[in-house]
Amino acid sequence: MSDIGESQRASDGTSSSANGAAAPGMTGSGGDAGAQPAVPAAAAAEPTHIVFGTDGWRAKIADEYNFVNGRRCARAVAEYVVARGEQAKGVVIAYDRRFASEHFATAAAEVVLAYDIPVAFAERAVPTQMSSFEVVQRKSAAGIVITASHNPWTDNGFKIKSPTGAAASPEMLTDIEARIAAATATPPPRPFADAEKAGMVERYDSFAAYEKFVARNVDLERLRAADVAVLVDPLYGSGASWIPRLLAGGKIRVTEIHSERNPWFGGVNPEPIPPNVNEALGRLAGGGFDLGLFLDGDADRAGMGDERGTFVTTLQIFALVMYYLAEYRGLRQPVVKTVNETSMAEKLGDHYGIDVYEVPVGFKYVGPKMIETGAMMGGEESGGYGFGMHLPERDGIFADLMLLDLFLREREAGRRPASNAIAHLHEIAGPSSYRRYDVHVDRAVYPALKERLLVELREKAPASLGGGPVVRTQTLSTNDGFKFFAGDGSWLLVRFSGTEPLVRVYTEAACPEDVDANLAIGEKLVRGA
């Protein structure tokens, strides 16, 4: 198909800075913001149509992602807060290590400040979940995070957090999108430095408070005392140094790679799956480590490799953490999973008597469902896991610490190394092989392609998968794809991304051969439709 680009196989998987003052918090390849040119009249006459996907709004830097659109998003958040009469509660603002993120964050802060809303502003680039943590601790009206998460280095993004700390709900986003689209008159941005002098800006460093918060649910002293060697790869992102600092001062040996700020992310997408983590997997395969723990660009997603350098899929991680909470923490509260998550969840649910709820893709659906059901955890295929005991939002650092605790407990039970503990999981939850296939599409034709494929995929549903005849077809409730089930529980999902111009093909089956067969079927559906 001419409008579909190359595919990528994901393995088992006007501001103070604009006036010349340096933006607060961070230096590096972002450089000084410098003077920004006036926005051309044509750009103002034809504003970008901004829609929040499964996790925020993302676009290419210096194209649709610019200071004008960033301020439009900030204005809408401020107006939302004002409409609810919650100005006094303030807004938390955070940012990642991407190009100019600190400057985009400053511009957003100046818009919010213009509405007499106090701002808590990160001292430096921080993991996205620190915004959720600060919103909860401060009881703030909302949170803003400047990040594009795992997207290519050319992008940046704008995430919104609800007062609960969870990702903004679909209802909240609908309200904010309408405010963005409305070209209402706005007060001039309030210079950051002036607002800070007036006491309207508070800088925050979350580490000490977050460490205490984590220690309520994870025995950090126990982890620090462990005689194990762990390799950590934050993929140059804002999660760098967090795990080593949390585990410092004990017997455990933590080696972190890719710790420096690099807005190019070393030429890979900062998503903790192969091939992006191949260097880390290679070092694990070389020996000397018991476990590898990975993070994405804004540290809200977790990844893992075993002692042999074998990548542990995001679906396996979901099942491992669910097993850990049930087996070792004795929890039986519900679990929330997205439609592209593992079927092992239902098998573990049957084994331990745990209810499992399924929601559409995106933590804007997972978080609210966790709160509604009192869930102990929620997760999605992309490697994002949230915990009821912690935050109703993804936290890759917390998830990695739980994985470490799991494998220490499994070792005490005689199941070491890590690969043996994973094998034990499959004895309970059944076999699982998984892979995702991403078909990249030109952004300009993406909307039309989605409309066409939604019709053609329904008409050309596969009759069988690697696991046998198709026994059920599910149309996603968000109308962005289809899921096909075989009799043995294996499945194939074709879905359109809500944050990037690409079609995702996912499959889980009992063996790698069936996964290969299913991916071939899925690719044919997309390319041949």
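This is a walk through a few parts of the structure, from a mixed sheet to a buried helix and on to a run of strands. Keep in mind along the way that the model is predicted.

Let's begin with the open sheet, where 5 strands line up in the order E9-E8-E10-E11-E12 with mixed pairing. At its edges sit strand E9, residues 253-256, and strand E12, residues 311-312, each of which pairs on one side only. Helix H10, spanning residues 278-285, packs on this sheet and touches E8, E9, strand E10 (291-295), strand E11 (302-305) and E12. If you compare directions, that of H10 makes about 170 degrees with that of E10. To see one of the pairings in detail, look at strand E8, residues 229-233, which runs parallel to E9 and is joined to E9 by 4 bridges. Within this pair, Ala229 stands opposite Arg253 of E9.

Next, move to helix H4, which covers residues 129-138. Is this helix mostly covered or mostly open? It is mostly covered, as 7 of its 10 residues are buried. The buried residues in H4 are Gln129, Met130, Ser131, Ser132, Phe133, Glu134 and Val135. Just after the helix comes Lys139, with a positive phi near 55 degrees.

Ser131, one of the residues of H4, deserves a closer look. Why does Ser131 count as buried? Its relative accessibility is 0%, and buried means under 20% relative accessible area, so Ser131 counts as buried. A polar atom of the Ser131 side chain lies 2.6 Å from the backbone oxygen of Thr128. Setting aside residues up to four places away in sequence, Ser131 touches Val92, Ala94, Val145 and Lys161.

Now compare another serine, Ser464, which lies in strand E18, residues 464-465. Ser464 has a relative accessible area of 38%, and is therefore partly exposed. Once neighbours within four places in sequence are left aside, the contacts of Ser464 are with Pro469, Val470 and Ile521. To place Ser464 relative to the sheet we started from, take Asp233 as a reference: the two residues are 231 apart in sequence, and their C-alpha atoms are 39 Å apart in space.

From there, turn to strand E20, residues 481-486. How many of the residues of E20 are buried? The count is 6 of 6. Both faces of the strand are covered, with Gly481, Lys483 and Phe485 buried on one side and Phe482, Phe484 and Ala486 buried on the other.

Strand E20 also takes part in two antiparallel pairings, which you can trace one after the other. In one of them, E20 pairs with strand E19, residues 468-475, over 5 bridges, and Thr475 stands opposite Phe482 of E20. The hairpin of E19 and E20 has 5 residues between the strands, and here Asn479 takes a positive phi near 55 degrees. In the other, E20 pairs with strand E21, residues 491-496, again through 5 bridges. Here Phe485 stands opposite Trp491 of E21. E20 and E21 form a hairpin with 4 residues between them, and Gly489 in the turn has a positive phi of about 95 degrees.

Notes: Residues numbered from 1 in each chain as written. Predicted model: local features only at pLDDT ≥ 70, side-chain atom pairs only at ≥ 80, totals over all residues. Heavy atoms only, no water. Pairing = 2+ DSSP bridges. Contact = heavy atoms within 4.5 Å. Axes fitted to C-alpha atoms, helices over the stretch in contact; angles between N-to-C directions. Buried < 20%, exposed > 50% of the residue type's maximum accessible area, 1.4 Å probe, protein only. Polar contact = N/O pair within 3.5 Å; in protein donor to acceptor, adjacent residues only side chain to side chain.
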